[in-house]
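This is a guided reading of one structure for someone who has not met it before. It goes through sheets, helices and nonpolar cores in turn.

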Amino acid sequence: MRHSILLTAAAIALLTTMSGCKIVKNPDPNAEGAAPANQTDAERMGIYAREIWDSKVLPAVATHLVPLSDLRSAQALDIDAAGEKHGMRPDGEANPWNFAVAGTGTILEANTKSRAAKLKVDTDADGVPDVIVQLGPVIRGTAIRDAMPFIIFTNFRDQIEFAKLAGGLNAIAHDRLTIPEGDLTGMQVTFEGVFTFKNVTTSPEIVPTKLSFGGQ
Amino acid sequence: MNTNRRIFLSGLASVVTLATTKASWAEGKGLIAILTPSHDNPFFKAEAVGAEARAQELGYETIVLVHDDDPNKQSELFDTAIARGAKAIILDNAGADATVAAVQRAKDAGIPSFLIDREIKEAGIAVSQIVSNNYQGAQLGAEEFVRIMEETGNYVELVGREADTNAGIRSSGYHDIIDQYPDMVMVAQQSANWSQTEAFEKMESILQANPDIKGLICGNDTMAMGAWAALEAAGRSDVLVVGFDGSNDVRDSILAGGIKATVLQPAYRQAQIAVEQADKYIETGSTGLEEKQLMDCVLINADNAADLETFALGA
């Protein structure tokens, strides 16, 4: 059954041009041309994550990108409406919204020693951090995966494979960052990235897809 | 009621275990079969109760059956549901691989299946697979575990039944967090097959081999309860225990200062959603949703345990 779905998907893939094609490449190890079966889920999903990063993930972020301040204004009026307008989320009851946001601010705290390195950033110049930028290598959550409209849980074998995909995407987000040496506190940072919305009082924990550092 | 029961029993070719048999004609929208593991675990009972209540509200008859995590018994129960002409099957299944054939058989007989809690390893056979976001939930539990362990110390992990995807995904979620902390040292990792008695026995022997443990993280609440009993019996109620499920038993233990935390799976609501999707599918031919859906879990500790009742968080 699964095999015939794969073959059908492969046939359709051959008949369509790759650009704008919505078909998700199925990561099943048995698929023709796919990686060897002795790869772990993490390895296979890591390869898939790299395949889609530039061609699909970054364009999806760009398409849905909203200035963080605009999002906050919209959420102050109506959280659900802001989600409908700017957010992305998978099917299911009460799944949280994910947002792709852009912003800039001052780094008030920089923990770059930890495996879960992060910046605390003040984007509204009130002297208090209101955004956390996750630098990794350990990046929490599944925001990038869950924000991607073309990534559908049904197309994956199970939650384990799906979790490894989230990890693979987070790993690439980390790999693509260039973090300056030395103390970052006080520097300006401009970011684009994705976060999973919890509530208006919890600082967004952004997984950056683009990061640049300015002067003091 | 008695008549229905007699008809039902006489319709059974082979005798199967019935947790309860309830039938009500209501508005005659047909029969929904609800299959879960043993109700000895209150988690599965909550699923069955939630599904049954919603199905009857929507005007269906129900039969509630338990497969005891035995794929052969589950297969017989599918035959029962098919023979009874069920309009839909609500299923918490007996194995990610072993269940595929049974769900396919029902589909071939024109009966859609709506899965809760556990996935199967094929898509396109069941109409819905609604599962808790175990990875997200396990990360919540692990973060709390690391916090109360103060990021350091020896710990033990009891994992669930290996054939169940949820055992693997929870362990994976735990370790993706805990392994970031080099001073957290796992001294034993064993499966207690989701079982309270097995967890009690495993914990007793683990404790003998590793008396210097500070924490225990478990793949579900029944194992946490079993292990906690063993720890208490050994005078080791200082061990920090975290479970998974959000059962009333663990809630009570948390409120009494015993087990420290668990992760709520919204089992009752999940079962109701499955019935609602079944109803929509029966009436319109589509649920309008993707087959596989995740539901987020919620951390339960002393702060919010009092609001927990039967796998649902109140106000």
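**Sheets and cores in a predicted model**

B:Val156 stands opposite B:Leu216, a residue of strand 8 of chain B. The model in which this pair is found is predicted. The two strands concerned are strand 6 (residues 153-159) and strand 8 (residues 215-218) of chain B, and they pair in the parallel sense over 4 bridges. In general, the strands of a sheet pair through backbone hydrogen bonds, in either the parallel or the antiparallel sense.

Strands 6 and 8 belong to an open sheet of 4 strands in chain B, with the order 7-6-8-9 and parallel pairing. Strand 7 (184-191) and strand 9 (240-242) of chain B are at the edges; each has a single partner strand, so one side of each lacks a neighbour in the sheet. On average, and with direction ignored, neighbouring strands of this sheet are turned by 20° against each other.

Helices pack against these strands. Helix 6 (residues 165-178) of chain B packs on the sheet and touches strand 6, strand 7 and strand 8 of chain B, its direction making about 165° with that of strand 6. Helix 8 (residues 221-233) of chain B lies across strand 6, strand 8 and strand 9 of chain B, and runs at about 155° to strand 8.

Chain B also has an open sheet of 6 strands, in the order 2-1-3-4-5-11, again with parallel pairing. Its edge strands are strand 2 (61-66) and strand 11 (292-295) of chain B, each of which pairs on one side only. Here the average turn between neighbouring strands, direction ignored, is 15°. Within this sheet, strand 4 (residues 113-116) and strand 5 (residues 128-132) of chain B run parallel and are joined by 3 bridges. B:Phe114 stands opposite B:Ser128 in strand 5 of chain B.

The next topic is the nonpolar cores. In soluble globular proteins, nonpolar side chains tend to be buried together. The largest nonpolar core in this model has 34 residues, and those with the most contacts inside it include B:Leu158, B:Leu216 and B:Met223. At least two residues of this core come from each of helix 2 (42-57), strand 6, helix 7 (196-209), strand 8, helix 8 and helix 9 (248-255) of chain B. Helix 8 of chain B gives the most, with 7 residues. The core draws at least three residues from each of domain 1 (10-131 + 267-294) and domain 2 (134-264) of chain B.

B:Leu158 gives a closer view of this core. Leaving aside neighbours within four places in sequence, B:Leu158 is in contact with ten residues' worth of surroundings that include B:Ala199, B:Ile206, B:Leu216, B:Met223 and B:Ala227. A second, separate core has 28 residues, among them A:Val61, A:Phe156, A:Leu169 and B:Leu294.

In chain A, strand 3 (residues 116-122) is mostly covered, with 5 of its 7 residues buried. Strand 3 of chain A pairs with strand 2 (residues 98-111) of chain A in the antiparallel sense over 5 bridges, and a hairpin joins these two strands through 4 residues. Strand 3 of chain A also runs antiparallel to strand 4 (residues 131-137) of chain A, to which 6 bridges join it. A:Lys118 in strand 3 of chain A has A:Asn111 opposite, and A:Lys118 also stands opposite A:Gln134 in strand 4 of chain A.

Notes
Residues numbered from 1 in each chain as written. Chains lettered and ligands numbered in written order. Predicted model: local features only at pLDDT ≥ 70, side-chain atom pairs only at ≥ 80, totals over all residues. Heavy atoms only, no water. Pairing = 2+ DSSP bridges. Axes fitted to C-alpha atoms, helices over the stretch in contact; angles between N-to-C directions. Contact = heavy atoms within 4.5 Å. Core = buried A, V, L, I, M, F, W, Y, C linked by side-chain atoms within 4.5 Å. Buried < 20%, exposed > 50% of the residue type's maximum accessible area, 1.4 Å probe, protein only. Domains from an automatic or database assignment.
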